[in-house]
Every structure is written in structure tokens, then in C-alpha cells.
Amino acid sequence: MQAELEAQFQEFVRARWTHLVRTAYLLTGDPHHAEDLTQTALAKAYRSWRRVSRTDRPEAYVRRMLVSCNSDRFRKRRVTESLTAAPPERVLYDDAVSRADERGALLAALAQLPPKQRAVVVLRYWEDLSEAEVADVLGCSQGTVKSQASKGLAKLRTIPGLAQAMSHAAPSQGGTR
């Protein structure tokens, strides 16, 4: 039975690693912190995989762990963020440079939000989760999700240059980017 659970967990990690790291990157603004955060959340999920795998949506459970682990980083105050003008991304296609500039502007803007607002904005508009799903991930009410999203978006709208950078952005996949 343990070997079967191990195989299920490995398959889950193979299938969802990139997606979870991308979410963590949006939460942290740093690729190294994102990978560390994802590994921490997956280590916790591994220890509880028997229970996690029995839930209706194991990915939602792990995503909640990811957000919780990120919140713990701020509570401990041992990590400081220092965002650069452009994220260190590899160029994989022709318009990657312009997209990196847009992502850099978005990441810098997200870094100006308090952690809870940032988590709500990332989960609601990048991950394209419903208000109920975001509330479930963050362990708060839907009203809190609505107010934090409203405040976060209002703050993002006041950041000079962000609207212009994002008006040229073309989402590569579902959700608002």
C-alpha cells in the first residue's frame, strides 16, 4: 500500500510541479524562494499524502499549504524580498523579452501589496479560482476575499506604468494575467 501512495505522490508532483512553482513565484517574486516554498509545501503534503490524496481536490489542498507556508515566511520575518527590474527568465520564444518586461512590472507591483492581498490577487486572477475557492485556500470568508481583491486591485491601478505594461500583455493561457 505504501508503494502505491508513493507512486501517486510522485505522479502528482510530476504533473503539478511547474504549476505550483509558477504560483509560488507570483506569491514570492523570487524564483529561488518559489522553488523552496513549493518544496516545503510538497514535503508537508508528502507526510500527509494518505489524507491529502483522499480529498476531492488534492491540488487545492496543496495550494492551500503553499499559501500557508508563504504566510509563515512573513511571520518569521527571516526573508526579505529584493525584486529586480526584470525577473531572471530564459528566453524561450521571440516575444519573451517584451513579456519579461511586462512580468517584471507586474511582479514589482505585486510586491507592493500586503501578503494577504497579494495571495488573493494571485489566486483569484492568475490561478482563476472562484471567490469561494480562494476563501477555502486562505481559510477566510468570501467577503474577506472580495474586500482584499478590491483593495489589491485598487492599489495596483495606482501604480504608474503598470496599466500600460499590462495593456500590451497577451495571456498565454487561461485566467487574467
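Before we start, one cut-off: buried means under 20% relative accessible area, exposed means over 50%, and partly exposed is what lies in between. Keep in mind too that this is a predicted model.

**Exercise 1. Sort Tyr-46 and Phe-9 by burial, then work out how their rings meet.**

Step 1. Tyr-46 has a relative accessible area of 37%, so it goes down as partly exposed. Phe-9 comes out at 10%, so this one is buried.

Step 2. Now look at the rings. A search of the whole structure turns up three aromatic pairs. In the pair made by Phe-9 and Tyr-46, the ring centres are 5.1 Å apart and the planes sit at 65°, so we call it edge-to-face; the angle that counts for this label is over 60 degrees.

Step 3. Where do the two partners sit? Phe-9 belongs to helix H1 and Tyr-46 to helix H2 (residues 31-47), so the pair ties together parts that are 37 residues apart in sequence.

**Exercise 2. Extend the aromatic picture to Phe-12 and Trp-49.**

Step 1. These two rings also pair up, with 5.1 Å from centre to centre and 45° between the planes, and the arrangement is tilted.

Step 2. Phe-12 lies in helix H1 while Trp-49 lies in helix H3, so this pair joins parts 37 residues apart in sequence.

Step 3. Check burial. Phe-12 has 11% relative accessibility and counts as buried. Trp-49 is buried as well, at 6%.

Step 4. Put it together: ring pairs link Phe-9, Phe-12, Tyr-46 and Trp-49 into a cluster.

**Exercise 3. Find out how straight helix H1 is.**

Step 1. Helix H1 covers residues 2-28, which is 27 residues. At 1.5 Å a residue, a straight helix would reach 39 Å, but the end C-alpha atoms of H1 are only 34 Å apart.

Step 2. Look for a bend. H1 has a kink of about 55°, centred on Arg-16.

Step 3. See what is tucked away along H1. Its buried residues include Leu-5, His-19, Leu-20, Val-21 and Tyr-25.

Step 4. Walk off the end of the helix. Just after H1, Gly-29 takes a positive phi of about 80°.

**Exercise 4. Do the same for helix H8, and decide where its buried residues point.**

Step 1. Helix H8 (residues 142-157) has 16 residues and spans 22 Å from its first C-alpha to its last, close to the expected 22 Å.

Step 2. The buried residues of H8 are Val-145, Gln-148, Ala-149, Gly-152 and Leu-156. Viewed down the axis of H8, they fall within an arc of 105°, so they line one face of the helix.

Step 3. Who touches this helix? Gln-117, found in helix H6, is in contact with Gln-148, Lys-151 and Gly-152, leaving aside residues up to four places away in sequence. Gln-117 is itself buried, at 10% relative accessible area.

**Exercise 5. Trace the salt bridges of Arg-57.**

Step 1. The whole structure holds eight salt bridges. One of them joins Arg-57 and Glu-133, whose closest N and O atoms are 3.1 Å apart. This pair links distant parts of the chain, 76 residues apart: Arg-57 is in the loop between helix H3 (49-53) and helix H4 (58-76), and Glu-133 is in helix H7.

Step 2. Arg-57 also forms a salt bridge with Asp-136, with 3.8 Å between the closest N and O atoms. Asp-136 lies in helix H7 and Arg-57 in the loop between H3 and H4, so here the parts tied together are 79 residues apart in sequence.

Step 3. Compare accessibility. Arg-57 is partly exposed at 40%, Glu-133 is partly exposed at 25%, and Asp-136 is partly exposed at 42%.

**Exercise 6. Contrast that with the salt bridge between Arg-63 and Glu-59.**

Step 1. The side chains of Arg-63 and Glu-59 meet at 3.4 Å, N to O. They are four residues apart in helix H4, so about one helical turn separates them.

Step 2. Arg-63 is buried at 8% relative accessible area, and Glu-59 counts as buried at 19%.

Step 3. Widen the view: Arg-16, Glu-59, Arg-63 and Glu-127 are linked in a network of salt bridges. Arg-16 is also where the kink in H1 is centred.

Terms used
Residues are numbered from 1 along each chain as its sequence is written. This is a predicted model: local features need pLDDT of at least 70, side-chain atom pairs count only at pLDDT 80 or more; totals for chains, interfaces and linings use all residues. Side-chain values use heavy atoms; hydrogens and water are left out. A salt bridge is a side-chain nitrogen of Lys or Arg within 4 Å of a carboxyl oxygen of Asp or Glu. Helices (H or I, at least four residues) and strands (E, at least two) are DSSP runs, numbered from the N terminus. Buried means under 20% relative accessible area, exposed over 50%, partly exposed in between (1.4 Å probe, protein chains only). The expected span of a helix is 1.5 Å times one less than its number of residues. The bend at a residue is the angle between axes fitted to the seven residues ending there and the seven starting there. Contact means heavy atoms within 4.5 Å. The arc is that of the directions from the helix axis to the C-beta atoms. Rings of Phe, Tyr and Trp (its six-membered ring) pair if their centres lie within 6.5 Å; planes under 30 degrees apart count as stacked, over 60 as edge-to-face and the rest as tilted.
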